[in-house]
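Visitor: I'd like a quick tour of this one. Can you put it up so we can talk it through?

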Amino acid sequence: METRRRPKVGLALGAGGARGLAHIGVLKAFEAHQVPIDYVAGSSMGSFIGALYANGIAPHMMEKLALNLKRKHWLDLTMPNLGFVAGEKVKQLIELLTHGKTFAELALPLAVVATDIERGERVVFREGPVARAVRASISIPGIFVPERVGERLLVDGGVIDRVPTTVAREMGADIVIAVDVAQFDVKMKVNSIYDVIAQTIDVMEREILRYRILSADMVIRPQVGHYSSIAYHAVNEIIAEGERMALEHVAEIKQLIDNWRESDAGESDNDEN
């Protein structure tokens with residue numbers, strides 16, 4: 001009996017600062033229930049988590065890392081010029097966790113989205129050093145000093161493509177699952193300049209997202225909107241919410257895969273006739 005071809009599944013992990021730790025919970029649920037992932041595309045925190053996953057780091061190990069990582073390990077403040085955080089420490093951390101690999105050396109195909117702040121263009125990395133690309137993608141404007149790559153000055157990928165569903169599709173995915181950790185209909189208390197910058201970007205990105213998210217076959221939205229994008233004190237709760245919400249979608253995702261197999265088999269039969 002001929003085995004039906006399984007669709008290629010792409011995972012688009014969105015931006016959201018600390019709220020993006022919910023991606024770890026999503027990956028935990030997928031691994032526990034054997035949801036296959038063939039491609040990963042990420043913006044900002046989504047690119048960071050995606051890079052670790054593409055490098056073969058298990059979600060439960062990411063959870064331990066997130067629980068034990070202190071700000072002193074990645075935060076290097078600088079005199080404000082292009083940003084408050086120099087970003088060298090976090091780049092070294094990413095390089096350590098990705099073992100200094102290039103995209104070609106990863107266990108899983110990865111795409112990382114950044115924004116060319118001078119040209120106003122989306123930049124998609126699929127080759128070269130992974131750490132450099134992720135460092136660019138997480139560079140929240142006004143907080144992190146932008147990353148210079150060649151002639152481009154790059155900032156947070158979420159500015160232009162918060163949940164890169166089209167990128168996952170372009171990588172070859174037949175089915176695209178998007179994970180959106182943006183805020184929706186939540187009033188966020190603003191207490192600092194970091195909150196002002198992060199909230200401003202959230203509002204802007206949310207409007208862009210309304211149109212781009214439509215290209216996904218499935219959208220998972222962990223309910224983490226009541227957490228600030230700098231709420232790194234709530235790691236347990238944010239990861240748990242990502243896992244909870246993903247578990248609610250597992251059966252539906254498997255049904256999507258089965259339906260695709262059936263439709264693909266039908267098309268193959270028609271081609272033979």
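Guide: Sure. One definition to start with: helices here are DSSP runs of H or I, at least four residues long, numbered from the N terminus. Also keep in mind that this is a predicted model.

Visitor: Which residue with a positive phi follows α1?
Guide: Helix α1 covers residues 22–32. What follows α1 includes a residue whose phi is positive, near 55°. That residue is Q34.

Visitor: How many of the eleven residues of α1 are buried?
Guide: Buried means under 20% relative accessible area. A22, H23, I24, G25, V26, L27, A29 and F30 in α1 are buried. So helix α1 is mostly covered, and the number of buried residues is eight.

Visitor: How is α1 oriented relative to α3: roughly parallel or roughly antiparallel?
Guide: The axes of α1 and α3 (residues 59–68) come within 8 Å and cross at roughly 155°. Angles over 145 degrees count as roughly antiparallel. Therefore α1 relative to α3 is roughly antiparallel.

Visitor: What do the residues in the contact of α1 with α3 divide into?
Guide: From α1, I24, L27, K28 and E31 meet P59, H60, M62, E63 and A66 in α3. By class, the residues of this contact are five nonpolar, one polar and three charged.

Visitor: Which helix gives the largest share of the largest nonpolar core?
Guide: That core has 66 residues, and F30, L110 and F125 touch the most other members. The largest share of the core is nine residues, and they come from helix α8.

Methods. Residues numbered from 1 in each chain as written. Predicted model: local features only at pLDDT ≥ 70, side-chain atom pairs only at ≥ 80, totals over all residues. Heavy atoms only, no water. Buried < 20%, exposed > 50% of the residue type's maximum accessible area, 1.4 Å probe, protein only. Helix = DSSP H or I, 4+ residues; strand = E, 2+ residues; numbered from the N terminus. Axes fitted to C-alpha atoms, helices over the stretch in contact; angles between N-to-C directions. Parallel < 35°, antiparallel > 145°, perpendicular 65-115°, else oblique. Contact = heavy atoms within 4.5 Å. Nonpolar A, V, L, I, M, F, W, Y, C, P; charged D, E, K, R; others polar. Core = buried A, V, L, I, M, F, W, Y, C linked by side-chain atoms within 4.5 Å.
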